[in-house]
Amino acid sequence: MFFHKNDNDSGGRAGKGRTLPLLPLRDIIVFPHMVVPLFVGREKSINALEEAMSQDKEILLAAQKKAKTNDPTPDDIFQMGTVGVIIQLLRLPDGTVKVLVEGKRRCRIERFVPHEDFFLCEVQAVDEVSSSSVEIEALMRSVQSTFETYVKLNKRIAPEMLMQVQTIDDPARLADTIVVHLTAVKLHDKQDILETTDPAKRLERLFELMNAEIEILQVEKKIRSRVKKQMEKTQKEYYLNEQMQAIQKELGERDEFKSEIQELEDRIKSKQLTEEADDRIKKELRKLKMMQPMSAEATVVRNYIDWILNLPWFDVTEENYDIDLAERILDEDHYGLKKVKERILEYLAVQALVKKLKGPVLCLVGPPGVGKTSLARSIARATGREFVRLSLGGVRDEAEIRGHRRTYIGALPGRIIQSLRKTGANNPVFLLDEVDKMSSDFRGDPASALLEVLDPEQNTQFNDHYLDLDYDLSDVMFITTANTLGDIPLPLRDRMEILELSGYTEFEKLNIAVRYLVPRQQKEAGLHEVDLEITENAIRTVIHHYTMESGVRNLEREIGSLCRKVARQVVKEGGDKTASYRIAAADVPRYLGVPKYQGNKAGETDAIGRTHGLAATVFGGTLLDCEAAIVPGKGKQLITGRLSEGMKESAQAAITYIRSRHAELGLEEDFHEKVDVHVHFPDYYPKDGPSAGITMATSIASALMRIPVRKNVAMTGEITLRGQVMPIGGLKEKTLAAHRAGIDTLLIPKENRKDLREIPKRVLKGLRVVLVEHMDQVLREALALNDPDALFSRRPRPMEYQGGKLVTFDDEASAVPQATVEGPGAQQ
């Protein structure tokens with residue numbers, strides 16, 4: 001007998017074309033030969049049972065498509081059902097009815113007869129195909145064998161059921177008897193079996209379902225077995241731990257744990273913590289007291305308490321507010337870098353006045369080797385703070401910043417908290433090196449995690465995942481370094497004060513070498529007692545021909561190489577430190593070998609189609625030659641030299657400008673249809689940025705007009721279709737590159753006039769800087785014309801600075817002190 005609690009059910013038997021009351025079933029299919037008790041509560045269902053009892057006790061049992069439907073319609077009921085006979089009916093005190101029904105045979109609902117009190121259906125009996133063959137016999141045996149395997153795995157089926165199944169020789173009845181006991185089979189699958197009238201097909205479908213269920217039961221058995229073994233292992237470990245603790249207690253080792261707890265309590269009493277941290281650590285200590293000393297969780301709790309106690313919550317170092325001393329320290333360690341030094345001294349001055357100031361977040365941006373990292377160390381020394389450095393290059397896991405939660409094995413705080421613990425002070429100078437080299441992947445974005453760290457409004461409550469406590473980072477002075485701003489995410493950049501460190505000039509490199517690099521390398525090579533002189537010209541030779549960089553890192557390496565060569569010579573000569581050694585410019589190749597770089601030099605003669613442009617790279621400024629060639633053709637334009645799309649578009653704008661000025665340049669109106677133009681940049685490295693427009697336009701104009709470009713002229717600026725010259729960036733680096741290359745005339749956009757303040761006066765004195773606002777002025781200055789004023793005579797002359805001497809002066813000249821200005825609207 002199969003028992004099932006249901007809200008509405010009953011069953012019977014029918015002949016052909018009979019009308020029977022219907023009992024809709026929830027979550028159960030009643031098969032022929034199945035006896036099942038049902039609990040009926042719906043009014044219509046109870047009425048149907050009463051109608052059946054008043055007749056011949058036969059009732060139609062059909063399942064609902066959805067069990068949750070309380071008031072089903074004919075469309076909500078499957079068309080195939082079972083005619084059942086009511087064996088027993090019992091009314092319960094709560095108004096429901098318990099009924100025992102037995103399924104008799106399959107039938108199909110032909111139509112629903114309208115009735116107000118219950119469902120009344122006209123049903124048609126379903127004739128089952130009866131056949132006997134060797135195939136069906138084999139199928140029956142397979143099903144019986146599979147069912148035996150299923151019963152062994154499913155302990156909820158009584159073993160006696162196997163005996164009953166083995167005695168059934170009717171394939172239809174065998175399928176109907178077995179399917180009742182497949183409790184895990186879904187309702188729709190059972191309904192499919194009910195609707196299958198061919199016993200052979202029914203057995204095949206049943207065989208498939210049983211095999212699927214057996215596979216699931218076997219996996220469940222494996223899982224139970226594995227869990228049982230694990231539980232046995234855990235119980236064994238617990239028993240052994242208990243024995244070990246008993247032995248330790250006899251040996252007195254338990255007393256060590258008590259003394260450790262006492263030590264932690266004493267440290268908590270003497271340690272100044274935040275209120276939140278104090279509450280948390282006391283709670284964790286109470287948990288630790290109740291744990292066994294050797295348990296894994298006790299180790300986790302003990303480590304957590306140690307981390308909290310070892311952090312410098314309120315431990316700070318005394319700061320230096322002496323501005324003069326700080327300035328002296330910064331000047332001792334670094335040459336130049338005026339803007340950065342001024343910012344640090346401003347911070348110290350404000351700190352001295354208000355005593356409590358949120359730590360600034362400075363971002364030092366500049367090419368490699370200009371001293372960003374060493375400057376941060378000097379700032380720490382000047383302010384009297386501890387120094388801690390964290391390299392972010394290649395970091396791609398958010399947990400590096402925020403740490404891991406304690407639920408993970410081997411979890412630790414993030415590197416911010418780790419570094420503060422190591423330094424032992426809550427107000428260090430914290431250097432986040434290479435902040436532009438971070439990346440992100442599926443583990444998170446460390447740049448986003450840094451937003452909280454570097455925001456003065458948020459870092460008072462920095463929450464590390466491991467600590468799960470608010471930690472105040474507002475006293476920390478964060479300094480970040482980067483080579484380029486473009487690789488720093490905009491939200492992170494917005495939280496920092498950007499201080500740009502440009503490349504060093506030749507004069508600055510020379511001073512740095514004489515003051516810092518040579519003495520340091522002499523000491524490292526053991527020559528501090530030897531009379532060694534490296535002349536300034538020798539250092540200049542190293543700068544020009546053995547290094548190509550914005551900083552001084554390679555310069556120091558080469559000077560170190562010179563010192564080591566001398567050290568070897570000293571040892572060869574018997575280690576006599578009283579001898580004198582002098583390295584002049586001519587001696588440098590003997591020590592360092594063949595020069596590595598010839599340097600950017602201007603052309604020796606004026607050339608048609610070749611113009612000296614300027615570029616700013618991560619290594620500083622460089623001279624960028626542009627060549628243009630005109631050949632007979634059909635108007636094809638070719639631009640080469642590893643250029644970006646932006647530079648190619650600038651070349652198109654330059655060609656369009658020249659076409660618009662063909663009459664003034666003495667060109668035919670359809671010249672562009674008769675020739676091909678090829679613009680090329682010979683230097684083999686990628687080029688990007690909008691600053692070569694006027695350079696390409698000058699080369700193309702020179703090639704078309706067959707007029708040479710002056711060899712002593714270099715230029716930088718972007719061009720519009722109307723010939724306007726647009727401003728550019730990196731003027732300081734480009735001007736220094738022009739100066740190194742021996743250029744004496746530099747054409748720059750007029751709007752960059754304000755940037756001349758940053759260029760050393762020694763450089764400007766050797767240059768004639770011409771401020772241009774239109775391409776016509778560029779051509780008049782750059783081309784080797786017999787009569788420059790004859791070309792574009794109506795265009796006003798550009799402004800120029802020459803030699804630092806005041807020639808003419810206009811109302812804008814005050815923007816640049818001691819400027820030599822000549823241009824439209826000038827006043828004597």
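Which residues lie on the two faces of strand 3, and are they buried or exposed? In this predicted model, E58, L60 and A62 make up one side of the strand and I59, L61 and A63 the other, and all of them are buried. Strand 3, which spans residues 58-63, is accordingly described as mostly covered, with six of its six residues buried.

The strand has a pairing partner in strand 1 and another in strand 4. With strand 1 (residues 18-25), strand 3 pairs in the parallel sense over four bridges. Strand 4 (residues 80-91) pairs with strand 3 in the antiparallel sense, again over four bridges. L60 is a handy residue to follow through this arrangement: L22 stands opposite L60, and L60 also stands opposite V83 in strand 4. L60 is itself one of the buried residues of strand 3.

Turning to the helices, helix 10 (residues 323-333) packs with helix 12 (residues 372-383) at an angle of about 155°, and their axes are 8 Å apart. Because angles over 145 degrees count as roughly antiparallel, helix 10 and helix 12 are roughly antiparallel to each other. The crossing of helix 10 past helix 12 is right-handed.

On the helix 10 side, the contact is made by A326, I329, L330, E332 and D333, which meet S378, I379, R381 and A382 of helix 12. By residue class, this contact of helix 10 with helix 12 comprises five nonpolar, one polar and three charged residues.

Definitions and conventions. Residues numbered from 1 in each chain as written. Predicted model: local features only at pLDDT ≥ 70, side-chain atom pairs only at ≥ 80, totals over all residues. Heavy atoms only, no water. Axes fitted to C-alpha atoms, helices over the stretch in contact; angles between N-to-C directions. Parallel < 35°, antiparallel > 145°, perpendicular 65-115°, else oblique. Left-handed = near helix turned anticlockwise from the far one by under 90°. Contact = heavy atoms within 4.5 Å. Nonpolar A, V, L, I, M, F, W, Y, C, P; charged D, E, K, R; others polar. Buried < 20%, exposed > 50% of the residue type's maximum accessible area, 1.4 Å probe, protein only. Pairing = 2+ DSSP bridges.
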